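Here are some short exercises to try with the model on your screen. Have a go at each one before you read the solution.

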Amino acid sequence: YHVWLSEIMLQQTQVTAVIPYYQRFLQSFPTVFSLAAAPSEEVMGHWSGLGYYTRARNLHQCAKLVVERYEGNFPADPALLEQLPGIGRSTAAAISAFSYGTIAAILDGNVKRVFARVFGITGYPGSKPVEDNMWQRARALLPEHDIESYTQGLMDLGATLCTRSSPSCQRCPLQTRCVAFAHNLTAELPTKKPKKKQKEKQATMLVILHGHQVLLEQRPNSGIWGGLLSLPEVDGMRELAAPDAPSIVDTNENLQKLTRQFGDAESVKHLPEFTHVFTHFKLHITPLLVQLSQRHSMIAEARYVWFDMCKLETAPLPAPIKSLLLALGNQG
């Protein structure tokens with residue numbers, strides 16, 4: 001359970017960022033049974049700020065399946081582990097190797113970087129032909145014994161010595177056989193992913209306050225920030241419009257129309273715009289602060305909730321939205 005939890009949290013996330021989340025998770029969910037039985041909003045709340053929220057949803061679903069199918073015992077067979085939500089081929093091998101001593105090959109980002117440099121493998125490692133080549137090498141290099149030390153050593157080599165920038169080649173035990181070092185190619189290998197122009201989107205979000213509560217909306221399980229609470233949006237996230245394109249919130253009349261469904265607006269104020277960067281696009285957020293003199297009862301709809309401002313610290317909110325609301329709370 002501990003190995004699985006750490007492996008999922010460490011996907012695309014630095015160790016230093018993961019440690020406090022890992023410790024809090026184990027305090028609240030010390031076993032796979034307690035995690036499986038926990039409400040989804042509690043699990044998402046513990047994950048809030050760590051990013052890549054699909055991992056959290058898969059983590060919770062995986063815990064439920066391990067309890068249902070395997071009575072709380074993770075299977076030792078990597079092929080069975082790979083069938084569980086959120087566990088890919090390399091992660092399944094790592095979990096099985098560290099937990100049961102299974103002789104199985106891993107190929108995470110650190111290992112790909114080591115292989116590309118040591119063997120002089122060109123081409124983007126995410127492309128299928130290059131990745132297949134690396135998997136073939138990974139299997140061929142497997143030791144017959146002590147798989148735990150080999151796997152940990154391979155991971156640590158990429159994480160601490162054969163780093164993305166400024167690798168410590170003079171300290172590396174593979175320096176004498178490294179093709180990249182011999183040919184001064186450490187900066188070129190592994191081959192970088194072909195660049196695409198990063199998309200930009202925009203969203204107008206409503207910070208609707210009544211008393212000491214803020215209106216939050218449950219986001220769909222799929223998509224950006226899936227399953228989290230967030231601020232109501234005006235027309236969702238849209239492709240970034242041209243600078244001279246008219247805005248739906250250009251006039252006070254439009255603002256009144258937008259907020260009327262929630263209650264009677266006492267005041268509407270534009271807050272400073274800010275940008276949040278995702279892996280594949282930038283999101284430009286325009287927040288509007290709306291103070292209600294009274295709110296309508298229709299907000300009892302399932303996807304909406306009035307949330308106490310004093311409890312936002314533990315709320316399952318996206319990191320930028322939580323920062324915005326906490327800053328507002330500190331101001332008043």
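Contact here means heavy atoms within 4.5 Å. Helices are DSSP runs of H or I with at least four residues, numbered from the N terminus. You're looking at a predicted model, where local features need pLDDT of at least 70, side-chain atom pairs count only at pLDDT 80 or more, and totals for chains, interfaces and linings use all residues. Residues are numbered from 1 along each chain as its sequence is written, and side-chain values use heavy atoms, with hydrogens and water left out.

**Exercise 1.** Find out which residues of H7 and H10 meet, and how the two helices pack.

Start with the residues: Ala94, Ala97 and Phe98 in H7 meet Ile147, Glu148, Thr151, Gln152 and Met155 in H10. Next, take the axes, which are lines fitted to C-alpha atoms over the stretch in contact, with angles running from 0 to 180 degrees between N-to-C directions. H7 (residues 89-100) and H10 (residues 147-161) have axes 8 Å apart, at an angle of about 135°. Now classify: under 35 degrees is roughly parallel, over 145 roughly antiparallel, 65 to 115 roughly perpendicular, and the rest oblique. So H7 and H10 are oblique to each other.

**Exercise 2.** Place His46 and work out what surrounds this residue.

First, locate His46: helix H4, residues 40-47, holds it. Then list its contacts, skipping residues up to four places away in sequence: Tyr21, Arg24, Phe25, Ser28 and Phe29. Finally, check polar atoms: one in the His46 side chain lies 2.9 Å from the backbone oxygen of Glu42.

**Exercise 3.** How many disulfides does the structure hold, and are Cys178 and Cys310 buried or exposed?

Recall that a disulfide is a covalent bond between the sulfur atoms of two cysteines. The cut-off used is a pair of cysteine sulfur atoms within 2.5 Å. The count is zero. Cys178, for one, is in no disulfide, and its nearest cysteine sulfur, in Cys169, is 6.4 Å away. For accessibility, buried means under 20% relative accessible area, exposed over 50%, and partly exposed in between (1.4 Å probe, protein chains only). Cys178 has 10%, so this residue counts as buried. Cys310 has 69%, so that one is exposed.

**Exercise 4.** Where is Gly126, and how far is this residue from Ser99?

Gly126 sits in the loop between helix H8 (109-118) and helix H9 (128-140). Its relative accessibility is 39%, so Gly126 counts as partly exposed. Gly126 and Ser99 are 27 residues apart in sequence and, C-alpha to C-alpha, 27 Å apart in space.

Notes: Polar contact = N/O pair within 3.5 Å; in protein donor to acceptor, adjacent residues only side chain to side chain.
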